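Subject: Structure for you to look at

Hello,

Here is the structure I promised. Please open it alongside this message; my notes follow below.

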Amino acid sequence: MRTSRYLLSTLKENPVEAAVVSHRLMLRAGLIRQIASGLYTWLPTGLRVLHKVEQVIREEMNRKGAIELSMPVVQPADLWRESGRYDKYGPELCRLKDRKQNEFVLGPTHEEVITAIGRSEIKSARQLPLNLYQIQTKFRDEIRPRFGVMRGREFIMKDAYSFHLDHDSLDKTYEDMYDAYSRIFTRLGLDFRPVEADTGAIGGNHSHEFQVLADAGEDTIAYSDGSDYAANIEMAETIETAERPAPGPDYSKAPTPGCHSVDDAAAALSITADQVLKSLIVRGERDAEGKYELIMCCLKGNQELNEVKAGKVPGMSNPLEFATDEEIAAFTGSHPGSLGPVGFKGRILVDKAAERMGNFACGANEDGYHLINVNWDRDIKDYEVCDLRNVEEGDLSPDGKGKLHLRKGIEVGQIFMLGKKYSEAMNAVVMDENGKSIPMEMGCYGIGVTRVVAAAIEQHHDERGIIWPDSMAPFEVSIIAIKPGRCPQVHAEAEKLYAELEASGIEVLYDDRDERPGVMFADAELIGVPHIITVGEKSLANGEIEYKNRRSGEKQNLKVSEIADFIKAKVAAAREHARTCADKH
C-alpha cells in the first residue's frame with residue numbers, strides 16, 4: 001500500500017477528550033474517529049487491525065468445529081419477552097418501533113435469537129452438539145460511554161452459542177472454548193488471565209472471564225502467587241484465620257457527636273478503623289406485591305462490601321439495592337452513619353472477617369453515639385455469617401496455596417454455561433434416546449473484538465506510539481523513501497524492494513510521500529509497524545539500507561542485496577512464533 005494513495009489520518013497533538021492511552025493513540029494513529037458519544041467510524045488503518053483480530057478468532061473457532069452464521073442487529077422484542085429479559089435487562093437495551101408499531105430492540109447480545117434458531121432448526125439429538133458463532137455489531141445504550149472503544153455504545157463482538165443433549169457434552173464444549181480463547185489471546189500477543197467470574201445479565205451457573213492485565217482496566221482480578229487460581233474480585237472467596245478475642249467488659253455508650261463515618265468514629269474513640277463495625281442497610285428480595293424487608297450487612301470498618309456476593313445471598317435483592325436515608329430513618333430512627341446491630345429489629349448478615357471481631361465499636365442506632373466493647377453472641381445473638389467483602393492484597397488464596405495479589409484487568413472475553421436458562425423459557429427442546437422431549441443445554445462464548453484492539457494498545461505502547469504485537473499490526477513492514485523525487489536511485493531501490501516484499505505476501509506500507517523524514521518516521525512509529533526500512537541517498541552510497549525494529553528500537557544497516565531476505569525471515573519467524581506459543585499454552 002502506497003501512503004500517497006492511502007488514507008493515513010494521523011494527528012500530531014494529543015486529543016483532549018481521550019482519558020486513557022488506547023483512546024488517545026487510536027485517535028492519533030488514525031484508527032478511529034468519533035461521530036457521536038460512544039459511536040466510532042473505523043478508518044482504514046484501524047479496520048486492518050480489526051480484520052487481523054477477526055482472522056485469528058475465525059481460525060481458532062473453526063479449529064474447534066464451530067460454524068459461522070450471521071444474525072440481525074435488530075431483534076423482535078417478543079423474543080426478549082419470551083426469555084424474560086425485556087424488562088429485566090434495563091436501560092442499556094435500546095427499544096424501538098418500526099412504522100407498523102412493531103416493537104424491536106437493538107441487540108446487545110443474541111441469546112434470544114440463537115435460541116429461536118435452535119428450536120426451529122435442530123430437529124434431532126443426532127445434530128448435537130452444535131456450536132454456532134458470528135462476528136457482528138452489537139449496541140448497548142451505555143449511560144456514560146468512555147475510554148474510546150473500550151466502553152462504547154456500538155461495538156463488534158464475536159459471540160458463539162452451543163446446544164447440547166446433556167451437561168457432559170456442555171462441559172466438553174466449555175473446555176474447548178476455554179482452550180480456543182487461550183490460543184486466540186496468546187496468538188494476539190496479549191498478557192492475559194482466565195478468571196472465575198459472575199454470570200451477570202447473561203445468566204447461567206458457571207463462567208470465566210479472560211482479562212488482559214492493564215492499569216486502565218475497569219475490573220480488579222485476584223490471583224494467587226502459589227497456584228493457578230485467579231478470579232474476578234466479584235467472585236474471589238475470602239479465607240479467615242483470625243481468632244475472635246475473648247469478650248471484655250459489658251458494652252457501653254460513648255458520645256460521638258457529628259461522627260457519621262468509620263474514620264470519624266475511630267478518631268473520636270481513639271481506635272483504628274478495623275476496630276469499628278461498618279453497618280449498611282440494603283433491601284431484601286421483593287415479593288409479589290413489590291414489598292421488601294430491610295437487611296443489615298456488617299463488615300470491618302476498613303473493608304468494602306462486595307455487592308455481587310451480597311446479592312447472591314438468599315433473600316437479598318439482586319442486583320443489590322441500598323435502602324434510602326428516609327427508609328433507614330423510618331426503620332431505625334437514626335442517621336445511616338449511626339447504625340449498629342445491637343437492638344436492630346431486622347435480619348443481620350455478618351461478613352466472615354467481621355464475625356471474628358471482638359470488643360468492637362459500632363453505631364448505637366442513635367445519632368451522636370456509638371457503642372464500645374460490643375461482642376457477637378453475647379450482645380447480638382441472632383445473625384448470619386456470609387462472605388460479603390472484597391478480597392484484599394495479601395489475603396490467603398481460597399485454594400490454600402499462596403497469597404492473593406490484585407491487578408487491574410480489561411475484560412476481552414467471557415464464556416458461560418447457560419444450562420437451560422433460555423431453552424426452558426423459550427421451549428427449545430429435542431428428543432432424547434427415550435423419545436422424551438427435553439430442553440437443550442446451552443453455552444455462550446463472547447469476545448469483544450473492538451475491545452481487544454484497545455486492550456492490546458494499553459499493553460503495547462511507548463512515548464512514540466503503538467507497538468503492535470506482530471499478529472495485529474496493520475502492516476508488517478514500512479518502507480520509508482527519503483526524497484525519492486530528488487534521487488533516482490532511492491526511488492528505484494524503494495520500488496524494487498516494495499514490489500519484492502509485496503510479491504512475497506508481506507503487508508507493506510510504502511511511504512512515498514514528499515514529506516520531511518521526521519514526519520514519515522513519526523507516522524511509522526505512531527501506527528506501530530513492527531519493521532521499518534529506510535531507503536536514503538547516504539546509506540545507498542555505501543550499498544546499504546537501514547532497518548529498525550519498532551519494539552526493541554534496534555537499528556542496523558544491511559546490504560541492499562540482503563535486505564529483502566532479512567525482512568522475509570523476520571516476518572516468517574514472527575508468524576510462526578505466534579502459532580508456536582499458542583500450541584504451547
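Start with a salt bridge. Glu-507 pairs with Arg-48, and their closest N and O atoms are 3.9 Å apart. Keep in mind that this is a predicted model.

That pair has a wider setting. Two salt bridges are counted between domain 1 and domain 3.

Domains

The chain is divided into three parts: domain 1 (17-237 + 405-458), domain 2 (252-386) and domain 3 (475-580). The centres of domain 1 and domain 3, taken over C-alpha atoms, lie 39 Å apart. Seven residues from domain 1 and six residues from domain 3 make the contact. About 760 Å² is buried between these two domains. Carbon and sulfur atoms give 55% of that area.

The whole chain

DSSP-style bookkeeping first: the protein chain has 15 helices and 30 strands. Its C-alpha atoms fill a box of roughly 95 × 70 × 50 Å along the principal axes. Of its 585 residues, 54% count as buried. Take the contacts with a separation of 6 or more: residues 24 or more positions apart account for 69% of them.

Strand β23 and its partners

Look next at strand β23, residues 441-448. Eight of its eight residues are buried. Both faces are covered. On one side sit Glu-441, Gly-443, Tyr-445 and Ile-447. On the other are Met-442, Cys-444, Gly-446 and Gly-448.

Which strands pair with β23? One is β8 (residues 154-164), antiparallel over eight bridges. There, Tyr-161 has Cys-444 as its bridge partner. Another is β20, also antiparallel, over six bridges. In that pairing, Met-417 is matched with Gly-443.

Strand β20 spans residues 404-419 and holds Glu-411. Is Glu-411 buried or partly exposed? Its relative accessibility is 22%, so Glu-411 counts as partly exposed; the cut-off for buried is under 20%. Leaving aside neighbours within four places in sequence, Glu-411 is in contact with Glu-209, Phe-210, Gln-211, Asp-219 and Arg-451. For a sense of distance, take Asp-87. Glu-411 and Asp-87 are 324 residues apart in sequence, and their C-alpha atoms are 26 Å apart in space.

The four-stranded sheet

Now an open sheet of four strands. The order is β14-β15-β16-β19, and the pairing is mixed. β14 and β19 (384-386) stand at the edges. Each has a single partner strand, so one side of each is left without a neighbour in the sheet. From one strand to the next, the twist averages 30°.

The partner of β14 is β15 (residues 294-300), in the antiparallel sense, over seven bridges. Within that pairing, Lys-278 stands opposite Leu-299.

Val-282 is worth a click. This residue is placed in β14, residues 277-283. Val-282 has a relative accessible area of 0%, so it is buried. What touches Val-282, beyond neighbours within four places in sequence? The contacts are Glu-293, Leu-294, Ile-295, Cys-297, Met-316, Leu-320, Glu-321, Phe-322 and Ala-323. Among these, Leu-294, Ile-295 and Cys-297 fall in the span of β15. Asp-462 makes a distant reference point: 180 residues along the chain from Val-282, with 46 Å between the C-alpha atoms.

Helix α13

Last stop: helix α13, residues 517-527. Which of its residues are buried? They are Val-519, Met-520, Asp-523, Ala-524, Glu-525, Leu-526 and Ile-527. An α-helix has 3.6 residues a turn, so residues three or four places apart point the same way. In α13, Val-519 and Asp-523 are both on the buried list, as are Met-520 and Ala-524.

What covers them? The cover includes α1 (21-28), β25 (465-466) and β26 (477-481). It also includes β27 (508-511), β28 (531-535) and β29 (544-549). Just after the helix, Gly-528 takes a positive phi of about 85°.

When you go through it, I would open the views in this order: the salt bridge between Glu-507 and Arg-48, then β23 with β8, then Val-282 in β14, then α13.

Best wishes

Key. Residues are numbered from 1 along each chain as its sequence is written. This is a predicted model: local features need pLDDT of at least 70, side-chain atom pairs count only at pLDDT 80 or more; totals for chains, interfaces and linings use all residues. Side-chain values use heavy atoms; hydrogens and water are left out. Helices (H or I, at least four residues) and strands (E, at least two) are DSSP runs, numbered from the N terminus. Buried means under 20% relative accessible area, exposed over 50%, partly exposed in between (1.4 Å probe, protein chains only). Contact means heavy atoms within 4.5 Å. Two strands pair if DSSP finds at least two bridges between them. Axes are lines fitted to C-alpha atoms, for helices over the stretch in contact, and angles run from 0 to 180 degrees between N-to-C directions. Domain bounds come from an automatic or database domain assignment. Buried area is the accessible area (1.4 Å probe) that two parts lose on being put together, summed over both. A salt bridge is a side-chain nitrogen of Lys or Arg within 4 Å of a carboxyl oxygen of Asp or Glu.
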